[in-house]
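Please open the model in a viewer and keep the sequence panel visible. The tour proceeds by selection, one element at a time.

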Amino acid sequence: MPGLRRDRLLILLLLGSLLSADLYFHLWPQVQRQLRPRERPPGCQCARRASSPDLDSAAAPSDPHTAARNFSRARQRTELDRGVRSGPGSKLQALFAHPLYNVPEEPLVLGPEDVLLAGPEALRYYRRKVARWNRRHKIYREQLNLTSPDLPLQLRPEASWVQFHLGINRHGLYPRSSPLVSKLLQDMSHFPTISADYSQDEKALLGACDCTQIVKPSGVHLKLVLRFSDFGKAMFKPMRQQRDEETPADFFYFVDFQRHNAEIAAFHLDRILDFRRVPPTAGRLVNVTKEILEVTKNEILQSVFFVSPASNVCFFAKCPYMCKTEYAVCGNPHLLEGSLSAFLPSLNLAPRLSVPNPWIRSYTLAGKEEWEVNPLYCDTVKQIYPYNSSNRLLNIIDMAIFDFLIGNMDRHHYEMFTKFGDDGFLIHLDNARGFGQHSHDEVSILSPLSQCCRIKRKTLLHLQLLAQAEYRLSDVMRESLLADQLAPVLAEPHLLALDRRLQIILRTVQGCVEAHGEHSVIASGPAEQLAPDSGKANMTS
């Protein structure tokens with residue numbers, strides 16, 4: 001009998017322990033969450049650390065001067081900077097006032113077929129999206145028993161992101177000298193965030209590419225989708241590398257860091273070249289606690305926040321096989337520098353096609369693609385649709401020139417809007433692996449130009465103009481980047497490298513002209529797409 005009573009006592013103690021553990025680890029945190037709406041549920045050790053008093057202190061604005069180490073030399077623009085940019089000696093204004101930047105583009109935008117979106121249809125779609133977001137947000141607040149007033153969002157047709165979407169036409173993502181772009185950059189830099197989430201894989205468009213074969217999801221790739229109070233969205237890429245750091249020579253291009261300042265600089269360079277194929281991108285100091293952690297509904301994203309031993313708020317990427325704090329990005333203590341790239345219209349409104357780059361690189365340690373070993377590779381490409389008849393090959397060469405200037409070796413695919421057909425412009429997305437090395441010029445990026453020996457007359461005229469002293473590329477880039485909140489965006493050696501690489505491009509074109517003649521190399525339109533035998537061009541040069 002005493003043994004039986006002892007067993008019953010042990011069972012009671014065990015059940016009591018389990019009940020206490022359940023109360024402490026499960027029910028009590030739920031009660032805390034109900035009583036304190038802004039505190040996050042303890043999904044893991046990292047989340048419990050993130051809810052410490054150090055994290056809660058983020059409610060008070062942080063002093064930007066304490067974040068100098070993390071933000072490099074980021075600073076707000078001053079009235080003096082504005083005066084320099086808009087003064088009579090502005091090379092950037094002189095460049096955009098040049099007749100080359102004011103020539104009417106052909107074909108002229110005449111009807112609905114030349115504009116990406118139909119205005120009424122797009123506005124109806126966005127109103128449905130706003131209504132759906134309001135319903136889901138209301139349900140989320142009810143689940144948390146939040147009673148504080150929260151007015152529903154309203155779609156404003158005059159919002160800069162809406163007008164940006166409506167302004168996309170067959171010539172580019174935005175018109176020349178559009179004031180909407182400046183307004184959009186300003187809004188992305190200052191509007192408060194209302195939600196944050198991991199990015200979706202939008203590259204496997206229409207089943208055309210399985211991008212998991214190209215970029216494996218891992219902790220070193222970290223980007224978030226931020227939504228602002230005007231319902232606009234942007235892709236946020238955090239700072240991972242200092243301005244003056246170069247990519248180590250032993251790094252493969254497919255494991256290189258993704259640099260936020262490269263995204264910003266790529267947009268400005270694309271606009272200076274008059275391509276207008278990079279979505280507007282702005283820099284911003286983001287409070288990772290108030291503007292990401294406290295507005296996200298994603299419990300996985302909440303769980304990867306933690307406080308570092310240096311009392312900085314950090315988070316890392318969601319990934320299936322490598323989630324480590326070594327790959328985290330950290331504020332100082334809460335502010336983190338990053339880039340914000342405006343979202344393009346939804347695929348439901350404006351389908352896009354993702355196409356493998358004919359000059360794709362081998363994403364293996366030792367492999368090589370055909371173009372790397374066959375100097376006559378372009379002859380093969382020119383026999384394949386759509387490169388045999390449309391403007392596509394010339395657009396590929398434009399993209400190669402752009403990538404060579406920024407040093408981007410990671411252009412494995414390109415995207416384009418299906419509405420504009422084979423002659424539509426290529427969208428230059430994902431430029432974060434540019435500007436990694438200023439001391440090295442990767443000439444193989446120019447292979448489409450050197451192997452095909454073709455270039456648009458319009459592109460060549462812009463390059464020749466930017467090689468002149470009064471419009472020097474490094475000077476106008478430096479001035480353009482001053483407008484960004486995170487200036488200086490690029491270290492000076494990267495700016496000087498642009499001038500050096502520009503000369504390499506012009507010498508490559510000159511070599512093609514000497515080998516084939518100007519008429520065969522410089523194309524004025526799609527009718528002049530095909531060049532003579534590019535193999536002879538390479539052999540002769």
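Begin at G517, the residue that follows helix α19; its phi is positive, near 95°. The model is a predicted one, and the backbone angle at G517 should be read as a feature of that prediction.

Next, extend the selection back over helix α19, residues 492–516. How far apart should the ends of its 25 residues lie at 1.5 Å a residue? The expected span is 36 Å, and the end C-alpha atoms of α19 are 37 Å apart, so the two values agree.

**Helix α16 and Q451**

Select residues 447–452, which form helix α16, and highlight Q451 within this helix. Is Q451 buried or exposed? Its relative accessible area is 6%; because buried means under 20%, Q451 counts as buried. Display the side chains of Q451 and W359: a polar contact joins them at 3.1 Å. Then add P375, which is 76 residues from Q451 along the chain, although the C-alpha atoms of the two are separated by 6.5 Å.

**Strands β9 and β10**

Move to strand β10, residues 413–417. Of its five residues, five are buried, and the strand is thus described as mostly covered. Rotate the view to inspect each face of β10 in turn: H413, E415 and F417 lie on one side, while Y414 and M416 lie on the other. Both faces are covered, with each of these residues buried.

Now add strand β9, residues 352–356, which pairs with β10 in the antiparallel sense over five bridges. Which residue of β10 is the bridge partner of L353? The partner is M416, a residue already seen among the buried ones of β10.

**Strands β1, β2 and β3**

Select strand β2, residues 224–228. This strand is also mostly covered, five of its five residues being buried. L224, L226 and F228 point one way from β2, and V225 and R227 point the other way; the arginine, R227, is buried together with the others.

Add the two partners of β2 in turn. Strand β1, residues 193–198, pairs with β2 in the antiparallel sense over five bridges, and in this pairing A196 stands opposite L226. Strand β3, residues 233–238, also pairs with β2 in the antiparallel sense, over four bridges; here L224 of β2 stands opposite F236. Finish this stop at the hairpin of β2 and β3, where four residues lie between the strands. Among the residues to inspect there is F231, which takes a positive phi near 75°.

**The sheet of β5, β6 and β7**

Select strands β5, β6 and β7, which make an open sheet of three strands in the order β5-β6-β7, with antiparallel pairing. Which strands form the edges? They are β5 (305–307) and β7 (329–330), each of which pairs on one side only. Centre the view on β5 and β6, the latter comprising residues 313–315: three bridges link them in the antiparallel sense. Within this pair, F306 stands opposite C314 of β6.

**Helices α10 and α15**

For the last stop, select helix α10, residues 260–272, and helix α15, residues 392–406. Their axes come within 11 Å and cross at roughly 130°. The two helices are therefore oblique to each other. Look along the line joining the axes to follow the crossing, in which α10 passes α15 in the right-handed sense.

Conventions. Residues numbered from 1 in each chain as written. Predicted model: local features only at pLDDT ≥ 70, side-chain atom pairs only at ≥ 80, totals over all residues. Heavy atoms only, no water. Expected span 1.5 Å × (residues − 1). Buried < 20%, exposed > 50% of the residue type's maximum accessible area, 1.4 Å probe, protein only. Polar contact = N/O pair within 3.5 Å; in protein donor to acceptor, adjacent residues only side chain to side chain. Pairing = 2+ DSSP bridges. Axes fitted to C-alpha atoms, helices over the stretch in contact; angles between N-to-C directions. Parallel < 35°, antiparallel > 145°, perpendicular 65-115°, else oblique. Left-handed = near helix turned anticlockwise from the far one by under 90°.
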